[in-house]
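Hi everyone, thanks for making time for this. Let me put the structure up on the screen, and then we can walk through it together.

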Amino acid sequence: MITTVDSEAVGAKLSRSAVEAGLAASGQVTGPVSTTYRHLGEMCEGTEWQVTFRTTEDRVAELERHVVAEHPYDNPEVISLPILSGPSLYLDWITRATRPVGS
């Protein structure tokens, strides 16, 4: 799952809250990135930080709800892309990290 935020600190807070809640195995904050977008009919430019989460398919909906609820934007970008492949040990770690302890 990917979203963008207006500062590195906000991205770190969002990443941490999702991992602490067990909704994502990890979150990475990258940036700054230059952004061009249309908002309320006007062209805008700005600087954002991208937050990328790793989670399992069965945790996507709950992670999306969490990101939207905790996000500072009124209408945030929150998109999900499938993990099509990866080393089995890494994929198993994502699954373990998004399960309650003892599951």
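Let me start in an unusual spot, with Arg99: its relative accessibility is 28%, so Arg99 counts as partly exposed. Before going on, please keep in mind that this is a predicted model.

What does the side chain of Arg99 meet? It meets the side chain of Asp58 in a salt bridge, at 2.9 Å from N to O. This pair links distant parts of the chain, 41 residues apart: Asp58 sits in the loop between S3 and helix H2, residues 60-70, while Arg99 belongs to the segment after H3. Asp58 has a relative accessibility of 55%, so Asp58 counts as exposed.

How many salt bridges does the structure hold? Three. Another one joins the side chains of Glu62 and Arg59, with 3.1 Å from N to O. Here the two partners fall into separate classes: Arg59 has a relative accessible area of 16% and is therefore buried, whereas Glu62, at 36% relative accessibility, counts as partly exposed.

Then there is the bridge between Arg16 and Glu20, where the closest N and O atoms are 2.9 Å apart. Both residues lie in helix H1, residues 8-20, and they are four residues apart, which is about one turn of the helix. A quick reminder for anyone who has been away from helices: an α-helix has 3.6 residues a turn, so residues three or four places apart point the same way. Arg16 and Glu20 are both exposed.

That brings us to H1 itself. With 13 residues at 1.5 Å a residue, H1 should span 18 Å, and its end C-alpha atoms are indeed 18 Å apart, so the two values agree. Which residues of H1 are buried? They are Gly11, Leu14, Ser15, Ser17 and Ala18. If you look down the axis of H1, these buried residues fall within an arc of 165°, so they line one face of the helix. On the other side of H1 you will find Glu8, Ala9, Lys13, Arg16 and Glu20, which are exposed. And what do the buried residues of H1 pack against? Strand S1, residues 2-5, together with S2, S3 and H2. After H1 comes Gly22, with a positive phi near 75°.

Let me stay with H2 for a moment and pick out His66, which has its place in that helix. Is His66 buried or exposed? Its relative accessibility is 16%, so His66 counts as buried. Leaving aside residues up to four places away in sequence, His66 touches Ser17, Ala18 and Leu23. Two of those names, Ser17 and Ala18, were in the buried set of H1.

Now over to the strands. S2, residues 26-39, and S3, residues 42-54, pair in the antiparallel sense, over twelve bridges. If you want a landmark on that pairing, Ser26 has Arg54 in S3 as its bridge partner. The two strands form a hairpin with two residues between them, and Leu40 in the turn has a positive phi of about 50°.

A little further along the chain is Met43, in strand S3. At 54% relative accessibility, Met43 counts as exposed. Met43 touches Thr36, Tyr37 and Arg38, again not counting residues up to four places away in sequence. For a sense of scale, Met43 and Pro82 are 39 residues apart along the chain, and their C-alpha atoms are separated by 31 Å.

Last stop, the aromatics. A search of the whole structure turns up one aromatic pair. How are its rings arranged? The partners are Tyr90 and Trp93, with ring centres 5.5 Å apart and planes at 40°, so the pair is tilted. The cut-offs matter for that label: planes under 30 degrees apart would count as stacked and over 60 as edge-to-face. Tyr90 and Trp93 are three residues apart in helix H3, residues 88-97, so about one helical turn separates them. As for accessibility, Tyr90 has a relative accessible area of 37% and is partly exposed, and Trp93, at 31%, counts as partly exposed too.

That is my tour. Thanks for listening, and please jump in with anything you would like to look at again.

Key:
Residues numbered from 1 in each chain as written. Predicted model: local features only at pLDDT ≥ 70, side-chain atom pairs only at ≥ 80, totals over all residues. Heavy atoms only, no water. Pairing = 2+ DSSP bridges. Phe/Tyr/Trp six-rings, centres within 6.5 Å; stacked < 30°, edge-to-face > 60°. Buried < 20%, exposed > 50% of the residue type's maximum accessible area, 1.4 Å probe, protein only. Salt bridge = Lys/Arg side-chain N within 4 Å of Asp/Glu carboxyl O. Contact = heavy atoms within 4.5 Å. Expected span 1.5 Å × (residues − 1). Arc of directions from axis to C-beta.
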